[in-house]
Amino acid sequence: MTSLYVHIPFCVRKCAYCDFESYPDRLDRADEYIDRVLGEARKRRREYGAFSCYSMYLGGGTPSLLTPGQLNRLCGELLDVFPPEKGAEITLEANPGTVTAELLPAAVRLGFNRISIGVQAKQDRLLKLLGRIHTFPEALRAVDMARQAGIENINCDVMCCLPGQTEDELAETLTGVMEAGARHVSCYSLILEEGTALYKRVRSGELSLPDEEAERRQLRRAARTLESRDFERYEISNFAQKGYESRHNLVYWERGDYLGLGCSAHSFMRGERFDNPRFSRYMAGEDGLDRETVGRGAALEEEILLGTRLAKGIDVGHIRGEYGDPAADGLLNCAGRLKGLVVLENGRLKLTEEGFFVHNAVVLELAAAVQETGPDTQRRNG
Ligand code: SF4
């Protein structure tokens, strides 16, 4: 089971909070970039042999900036090199300011069956603060265009904990996207990345972020708003109607194999992690750098970090079978000390809503508890 991620590093304009690798002035190199990505895909097929893809995610950047012809050339060949499995989830990430009536039918013909739309907020004031190029009505139009093209599996990204954002504004945004037909909502708190325009405005004191208590109130309100319409929280920041959980993202959280193509893409293949460099070096032919086999200790830490993000939590029996009794018992003992933050249900260790608020701290405690015991170094058959 292997998934594909393809990074498209072009955008119309740099958003004020963005530190992803994306460029507002390089779209003229898109054809050359597509050639390079296809070359990398063929190289990886030689390395790993043929495999079919469980899911594919075309992200960025703004993949919806590609023309239908470019999308066709890129994805047509990629899906030839790595044919999709039956039922594969194939997602196009789209910026509502760039979705055209021509692009979506072309995407559907190629096999795209999911779209992820960066809505972020309903209020013009907040969209402007974020430096987004779209308005909320344009975002709703993009959702509508996707449905008209036959895509039912629609995610909307919404941001919370923005400077000056109220709980009511957040709830209005969430209600708006659910009423428009979203089946999945990713609701992320703003992370202030050093060097971004927003970072400078907050650091200078011009803008301020909500304090911890206000942040928790927003996150609780978001969860209640989404749950009131049968959106279930299946991951710390992700909610979906039944059957619309993202197969692709679950691969990341469940430590499945994925191959990242394009500049700045990360991969986890056959127990090894590696990265691609930024645009210029990538275009000059470098890729697959810093290869590192994930050792057993690091793998266990990843299981804890990622598994605690999921509402279903960590399967303690799996930890026992893979990493040994001391690791599983260490987790259970530590969970007993983290009352109110962690629960054990049906052999799974899960974070409560309060636990999700302090996810990083809980992970540190659990990881320290298993480090004290040390995971078995021998792989087990159980
Ligand atoms: S559209 Fe996305 S990738 Fe592009 S600048 Fe904005 S946040 Fe960054």
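This is a dialogue between a student and a tutor about reading a predicted model.

Student: How high is the average pLDDT of the protein, and where does pLDDT stay under 50?

Tutor: Where pLDDT is low, the predicted coordinates should not be read in detail. In this predicted model the protein averages a pLDDT of 95, and 98% of the residues score at least 70. Over residues 377-382, however, pLDDT stays under 50, and for that stretch the model has five contacts beyond four places in sequence.

Student: Into which domains is the protein divided, and how many residues of each are in contact?

Tutor: The protein is divided into domain 1, covering 2-253, and domain 2, covering 295-382, and the C-alpha centres of these two domains lie 30 Å apart. Where the domains meet, eight residues of domain 1 are in contact with eight residues of domain 2. On the side of domain 1 that touches domain 2, α8 (212-227) and β7 (232-235) each supply at least two residues, and the residues of that side divide into five nonpolar, no polar and three charged.

Student: How should I read the packing of α11 and α15; are they roughly parallel or roughly antiparallel?

Tutor: The idea is to look at the angle between the helix axes, since an angle over 145 degrees counts as roughly antiparallel. Helix α11 (residues 296-307) and helix α15 (residues 359-373) have axes that come within 10 Å and cross at roughly 150°, and α11 and α15 are therefore roughly antiparallel to each other. Their crossing is right-handed.

Student: Which residues of α11 and α15 meet?

Tutor: From α11 come Leu 300, Glu 301, Ile 304 and Leu 305, which meet Val 363, Leu 366, Ala 367 and Val 370 of α15. By type, the residues of this contact divide into seven nonpolar, no polar and one charged.

Student: And what is the angle at which helix α6 and α8 pack?

Tutor: Here the useful cut-off is that angles under 35 degrees count as roughly parallel. Helix α6 (residues 167-180) packs with α8 at an angle of about 30°, the axes being 9 Å apart, and α6 and α8 are therefore roughly parallel to each other. The crossing of α6 and α8 is right-handed.

Student: Which residues does that contact bring together, and how do they divide by type?

Tutor: Glu 167, Leu 170, Ala 171, Leu 174 and Thr 175 in α6 meet a set of residues in α8, among them Arg 217, Arg 221 and Leu 226. The residues of the contact of α6 with α8 divide into five nonpolar, three polar and three charged.

How values were computed
Residues are numbered from 1 along each chain as its sequence is written. This is a predicted model: local features need pLDDT of at least 70, side-chain atom pairs count only at pLDDT 80 or more; totals for chains, interfaces and linings use all residues. Domain bounds come from an automatic or database domain assignment. Two residues are in contact if their C-beta atoms, placed from the backbone, lie within 7 Å. Helices (H or I, at least four residues) and strands (E, at least two) are DSSP runs, numbered from the N terminus. Ala, Val, Leu, Ile, Met, Phe, Trp, Tyr, Cys and Pro count as nonpolar, Asp, Glu, Lys and Arg as charged, and the others, Gly among them, as polar. Axes are lines fitted to C-alpha atoms, for helices over the stretch in contact, and angles run from 0 to 180 degrees between N-to-C directions. Angles under 35 degrees count as roughly parallel, over 145 as roughly antiparallel, 65 to 115 as roughly perpendicular and the rest as oblique. A crossing is left-handed if the near helix is turned anticlockwise from the far one by less than a right angle, and right-handed if clockwise. pLDDT is the predictor's confidence in each residue, from 0 to 100.
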